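User: I'd like a close look at one part of this protein, the place where charged side chains pair up. Please start there and then show me how that part fits into the rest.

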Amino acid sequence: MEKKMTSEIQKVVKVVNVSCASEVTESTLMKLNKNPLAQIVNSLLGLIEQNVELCKCAAGKMDQLKSDKIADQKLLIELQQTQMNSVQETVKSEMKSWADVVKEKQ
């Protein structure tokens with residue numbers, strides 16, 4: 001897509017007879033006859049339509065990636081919670097064992 005866009009920009013620069021795209025102005029475009037101007041507009045319109053579709057696809061992919069990331073983060077939180085619960089149970093069990101040892105020695 002980038003190559004197509006660069007190519008179209010170069011065509012416009014050539015037709016308008018300037019050295020770079022930043023030199024294309026309304027007045028330079030007004031010097032053109034209708035036919036070359038119509039061809040430029042038609043070509044650029046085609047590129048715009050392609051870019052709109054490309055942007056829609058990219059937006060959909062971004063939404064999917066965001067959803068996947070949220071799901072991964074949720075899973076990570078659940079796993080961390082499970083680990084924390086396991087450590088908490090181990091600590092409780094060890095504390096109870098030491099409490100029993102202390103009671104036996106009294």
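Analyst: Let's begin in helix 1, where Lys 11 and Glu 8 sit three residues apart, which means about one helical turn separates them. A helix here is a DSSP run of H or I with at least four residues, a strand is a run of E with at least two, and both are numbered from the N terminus. Before going further, keep in mind that this is a predicted model, in which local features need pLDDT of at least 70, side-chain atom pairs count only at pLDDT 80 or more, and totals for chains, interfaces and linings use all residues. Residues are numbered from 1 along each chain as its sequence is written, and side-chain values use heavy atoms, with hydrogens and water left out.

Now to the pair itself. Side chains of opposite charge can pair when their charged atoms come close. The side chains of Glu 8 and Lys 11 do this in a salt bridge, with 3.2 Å from N to O. (The term asks for a side-chain nitrogen of Lys or Arg within 4 Å of a carboxyl oxygen of Asp or Glu.)

Are these two partners buried or exposed? Glu 8 counts as buried, at 12% relative accessibility, whereas Lys 11 counts as partly exposed, at 46%. The cut-offs, with a 1.4 Å probe and protein chains only, are under 20% relative accessible area for buried, over 50% for exposed, and partly exposed in between.

What does Glu 8 touch, once residues up to four places away in sequence are set aside? The answer is Ser 43, Leu 44 and Leu 47; contact means heavy atoms within 4.5 Å.

A search of the whole structure finds two salt bridges. Besides the pair in helix 1, Lys 56 forms a salt bridge with Glu 53, and the closest N and O atoms there are 3.7 Å apart. Lys 56 and Glu 53 belong to helix 3 (residues 34-105), and because they are three residues apart in that helix, about one helical turn lies between them. Lys 56 is exposed, with a relative accessible area of 54%. Its partner Glu 53 is partly exposed, at 46%.

Let's return to helix 1 and look at another of its roles. The largest nonpolar core has six residues: Val 12, Val 13, Val 16, Val 18, Leu 32 and Ile 40. Helix 1 gives the most to this core, with three residues. (Such a core is a set of buried Ala, Val, Leu, Ile, Met, Phe, Trp, Tyr and Cys residues joined through side-chain atoms within 4.5 Å.) One core member, Val 16, is in contact with Thr 28, Leu 29 and Leu 32, leaving aside neighbours within four places in sequence. Leu 29 and Leu 32 also turn up beside Leu 37, under that same rule about sequence neighbours. Leu 37 lies in helix 3 and counts as partly exposed, at 26% relative accessibility.

Not every residue of helix 1 is as covered as Glu 8. Met 5 has its place in helix 1 too, and Met 5 is partly exposed, with a relative accessible area of 36%.

What follows helix 1 along the chain? Asn 17 lies in the loop between helix 1 (2-16) and helix 2 (26-30). Asn 17 is exposed, with a relative accessible area of 68%. Most residues other than glycine have a negative phi. Asn 17 has a positive phi of about 65 degrees, although it is not a glycine.

Finally, step back to the whole chain. The protein has three helices and zero strands, and from the N terminus on its elements run α-α-α. Its radius of gyration is 33 Å, well over the 13 Å that the globule rule gives for 106 residues, so the protein is more spread out than a compact globule. (The radius is taken over C-alpha atoms, and the rule is 2.2 Å times the number of residues to the power 0.38.) Along its principal axes, the C-alpha trace spans about 105 × 25 × 20 Å. Of the 106 residues, 9% count as buried, and you have already met one of them in Glu 8.

Two C-alpha distances add to this picture. Leu 37 and Lys 103 are 66 residues apart in sequence and 96 Å apart in space. Val 91, whose place is in helix 3, is separated from Asp 63 by 42 Å, with their positions 28 residues apart along the chain. Val 91 is partly exposed, with a relative accessible area of 43%.
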